[in-house]
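Work through the exercises below with the coordinates open, and compare each step with the solution that follows the task.

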Amino acid sequence: MNALQARLVQLANQAGRVASLATPSDPRSGSFDDSARARLRVLLAQRHHAACKDLPGVAIAPGVQLVETVDTVPLSGAELASGRLAIDPIGFSQLVFLDTETTGLAGGTGTKAFVVGLATLAPPQVRIRQWLLTRMAGEGALLHFVAEALPPDPVLVTYNGKSYDLPLLRTRYRMNRLREPFGDARHLDLLHPVRRRYRGIWPNCRLTTVETQLLGTPRVGDLPGSEAPAAWRRFLATGETDGVRRVLTHNARDLSSLAQVLCALNALD
Amino acid sequence: MPAMDRFAPAETSSPASAMTHWIKQIQARYEDRITGHLVLPARLGEYAEIPGSLPAGLHSALAARGIRQLYLHQRQAWDAATEGRHVVIATPTASGKTLCYNLPVMDAVLREQAKALYLFPTKALAQDQLAELLALNQAGSLGVRAATFDGDTPSDVRTAVRLAGDIVVSNPDMLHQGMLPHHTKWARLFESLRYVVIDEVHSYRGIFGSHLANVLRRLKRICAFYGSDPVFILCSATIGNPRQHAEALIGAPVEAITTSGAPQGERHVLLWNPPVVNRELGIRASARSQVTRLARMAIRARLKALVFAPSRLMVEVITKYLKDVFDADPRKPARIHAYRGGYLPLTRRATEQAMRAGCLDGIVSTSALELGVDIGALDVALLCGYPGSIAGCWQRLGRAGRRQQPSLGILVASSQPLDQYVVQHPDFFTSASPEHARIAPDQPLILLDHIRCAAFELPFVAGERFGELDASDYLAVLAEAGILHAEEGRYDWIADSYPAQAVNLRSVADGNFVVIDRTEGKRIVLAEVDYASAALTLYEGAIYMVQSQPFQVEELDWVGRKAYVTRTRADYYTDAIDYTKLKVLARFAGSKAGHGTCYHGEVHVVRHVAGYKKIRYYSHENIGYGPVNLPDQDLHTTSVWWQLSQDVLLAHFADPGAALDAFQGASHAVHTVATLAMMAEGRDLARTIASGQAGSEQGGGVEREASAREIGVRDAWGSAPGSAPEIFAPALHLYDPYPGGMGLSEPLFQRQRELVARARALVEDCTCTHGCPSCVGPVMGEPPEPSRSPKIQALRILDLLAAP
Ligand SMILES: [Zn+2]
């Protein structure tokens, strides 16, 4: 720390700041001279590079990792093609399940999506693609890949996406000066039919509750969504990949659940 | 402010009217209470043409409202704004300031679909201005979409305002917490933002102003992102430095318009000191009783009167007294209304309308009316107590004034030192230009907060400036705290939080204490107290005053930052016994001050609260002590100080104790005049006497307010056994009680001669015999001999510090 930085920390403490600024555990805040700092930076970059090799999927651009998986789910095309949600006019190829993992729940322009997951259907299979941000600088590229991956005239399927995921992504496109790809795409936010039907009946309408109550498949060993931001920060700071892997698993699980919930709701009378 | 260069001759030459008659009457009757009478001559209007390029609809809207020409200052504002120059309009109350900005804004909206953002310091003012805009809009069927955006705006309306508002009327807090952190939702506004209007800029000074300057730095950063570069139109009431203040707020050159073209009737100002009722104790009749009497007389003389009271409670008391006289018959419509914060907006609107329509004879108000709320023309403004600044005085006095007829303002002094100084020095009123509004936008903690918020809004790139400032050290601190992520020369927000929520525009840091009333099982938040003053005001047992109502602190949760209080009927107040250690870290500049020296620089202050005294009201006798057990407060800040050497002091004082007592008395007076000069509130400037050699490792301290003799000798004169004897050279310090300072020490240093001279006059001219709370602070008992009275002793110090 130089003199001004030390002074700022001191003044903040004198002002009774509740959250202190000093984090001496961070090796970078020690008394390094410039050359030591530069050397450390190289080492950190190397470690980060090595960490990315530990991740599933492939690096498709600097700072962007693409993870593709296929999940087999218990649903049939016939179930979707008939039923009360009247989605038959929509070809399966247009359905896009979307879920993001974000750096925080506070919202606003400082919150990023560090995982964007898209799923498409080929019953009984769900094809899942997840773009993981491995460096801040990769955000523009990540958003670009997501836009490219959307089919023409998509129908988005989300859980609370109308008030959370979509506005957040729109903000990210704007922050990166990119055209946002969703336009006025049709959007099925499954939270709304679930709420209409089960509010006051179930303890809450979270996706995990829907899985337990409607699909009968409670999650075990899942990383709680609230721990995702910390997992990603840890990955950026230390290269530790365990947390991020669990976030990816969690996100994939959310996506295939979405497909099943859509099907289950459709089958209800 | 109009020039005011003379005292009125004994007889005024204005045409006979109810007003002049009444003034003569009270002058004759209360000659001994009137310490000054100033007259501002009547002024004719200066006019200019309505710009020919104005859209026809706007033209007819003006015509429909009876406006066929503009005042000169309105036209000047139009010219500057439409030519793309930032402009500040600083003209008196009721000179038609709103048209200065509404005209260019409406024009840009109508002709170019441009957008504008209006900022007002309060929601009530925003509502008023919206009504004004809508009236103009309606008069010309213009179709301009204007809406307020504040904490009360329902969420469905918010979306409409964001997408379709041409003029968004809001406040700095909302811009800071609601708009900038969500700027992508406001993209349409920011992309086409042509004008930013900031009214009442005189109210953005000190901490609030320093925050606003940084919010505007953030706003400009966001505008740059969206490719807009708005012109700022600012309005101010009377202050000494409108242009400089506006430039400090927006960080760019600003053109100032300071002469009003509106006509103005003759104006009289009386300075009024209530009669002394107890000479020994220096007690005068209350300002309240005098103001009530004057209001009664004015209303009986068929004049419309407005009373400014210092607190909400006082508003209620004076209103009751006046209603007892004028509204005794409940079947008749009320002639007297109270007006203050805490009333429902509807009630306040009704009062404003009744006053505008001439249905009321008297309004009793807090400073809520000081800001630009339109209540039409009044004859008499009565100020119950000095509002703390010359500029504040004029803002209130300016409420009385008609275009053609004479008006009167009366400043009635309370027994407070500032009040007494002002009414006993009428020349101060005539010669002093209004105070300068000051801000310290680069205050390190405020800056750190806003750089944090700015990084949330848009990543910083290495080398990017924040305002004019190099932000790199701040960014490094935030990165090391894990709040920002540094990568390839860019700083991105990474924390899981929303920083604007934690930044309060009215305090230096987020460590504020909340005062909670739990009388009879309630849980009501009464006030917020900043961290720095909590230890001095919220210790368990303290009497804490809210709106002149006493509460007692029952429990202080230091870690949770909460103080629980209950209502009390105690007949005493409490005063902390605190020891301040002050060490000079660096001197920025110094100069001779009489036989001593004056410096400003950086200091380290450590305050220890040892206990508190219980002091009975009126008699001021000490009726007991209580213990306090709180952590020491330490503080790095800036200070201005005056110092006398050991040789000089020993030549003039019998012993060090006497010298320290004298320093205490002098510091009380210097603090009073410095507060006055800085347009500061008393708590914005702290004082202490440091003993010992300035710049040495040891900085002794003495007890605030108490006799130095009780404890000071040990600290100041004696030395700890075994250590080298210290040189006795006490210093009188005035410092900013905020970590990092608020930039007051330098301007105080620049005016050091003037401050000493004024402090001297304050003490010398005080009507007391030995010294009193108005001049040298509370005095205990009779002095042993007249030559050793606290008053004489303090004057000796001030004489030594005054330039020969
Ligand atoms: Zn006195």
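**Exercise 1. Determine which residues of α1(B) are buried, and on which side of the helix they lie.**

Solution. In this predicted model, the buried residues of α1(B) are Met19(B), Thr20(B), Trp22(B), Ile23(B) and Ile26(B), where buried means under 20% relative accessible area, exposed over 50% and partly exposed in between, with a 1.4 Å probe and protein chains only. They cover an arc of only 160° around the axis, which puts them on the same side of α1(B); the arc is that of the directions from the helix axis to the C-beta atoms. The face turned away from this buried side carries the exposed residues His21(B), Ala28(B) and Arg29(B). As for what covers the buried residues, the elements include β1 (34–40), β11 (267–272), α11 (287–300), β17 (380–384) and β18 (407–412) of chain B. Helices (H or I, at least four residues) and strands (E, at least two) are DSSP runs, numbered from the N terminus.

Residues are numbered from 1 along each chain as its sequence is written, while chains are lettered from A and ligands numbered from 1 in the order in which they are written. Local features need pLDDT of at least 70 and side-chain atom pairs count only at pLDDT 80 or more, whereas totals for chains, interfaces and linings use all residues, and side-chain values use heavy atoms, with hydrogens and water left out.

**Exercise 2. Compare the span of α1(B) with the expected value.**

Solution. Helix α1 of chain B, residues 18–29, has twelve residues. The expected span is 1.5 Å times one less than the number of residues, so these twelve residues should span 16 Å, and the end C-alpha atoms are indeed 16 Å apart, which agrees.

**Exercise 3. Describe how α1(B) packs against α11(B), and name the residues in contact.**

Solution. The two helices pack at an angle of about 140°, with their axes 11 Å apart; axes are lines fitted to C-alpha atoms, for helices over the stretch in contact, and angles run from 0 to 180 degrees between N-to-C directions. α1(B) passes α11(B) in a right-handed crossing, the convention being that a crossing is left-handed if the near helix is turned anticlockwise from the far one by less than a right angle, and right-handed if clockwise. The contact (heavy atoms within 4.5 Å) is made by Trp22(B), Ile26(B) and Arg29(B) of α1(B) together with Leu294(B), Met297(B) and Ala298(B) of α11(B).

**Exercise 4. Establish the strand order and the edges of the seven-stranded open sheet of chain B.**

Solution. Strands of a sheet pair through backbone hydrogen bonds, either parallel or antiparallel. Here the order is β6-β7-β5-β8-β9-β4-β10 in chain B, and the pairing is parallel; two strands pair if DSSP finds at least two bridges between them. β6 (146–148) and β10 (255–257) of chain B stand at the edges, each with a single partner strand, so one side of each is left without a neighbour in the sheet. Neighbouring strands of this sheet are turned by 15° against each other on average, direction ignored. At the β6(B) edge, three bridges join β6(B) to β7 (residues 167–170) of chain B, and Ala147(B) stands opposite Val168(B) in β7(B).

**Exercise 5. Analyse the three-stranded open sheet of chain B and the helix that packs on it.**

Solution. The strands follow the order β19-β23-β22 in chain B, with antiparallel pairing, and the edge strands are β19 (460–461) and β22 (484–487) of chain B, each pairing on one side only. Four bridges join β22(B) to β23 (residues 490–493) of chain B, and the bridge partner of Glu487(B) in β23(B) is Arg490(B). Helix α18 (residues 472–480) of chain B packs on the sheet, touching β19, β22 and β23 of chain B, and its direction makes about 110° with that of β22(B).

**Exercise 6. Decide whether Glu200(B) and Asp153(A), which have positive phi values, are buried or partly exposed.**

Solution. Glu200(B) has a positive phi of about 60° although it is not a glycine, and this residue lies in the loop between β8 (193–198) and α9 (206–225) of chain B. At 9% relative accessibility, Glu200(B) counts as buried. Asp153(A), with phi near 50°, is found in the loop between α4 (139–149) and β6 (155–158) of chain A; its relative accessible area of 49% makes Asp153(A) partly exposed.
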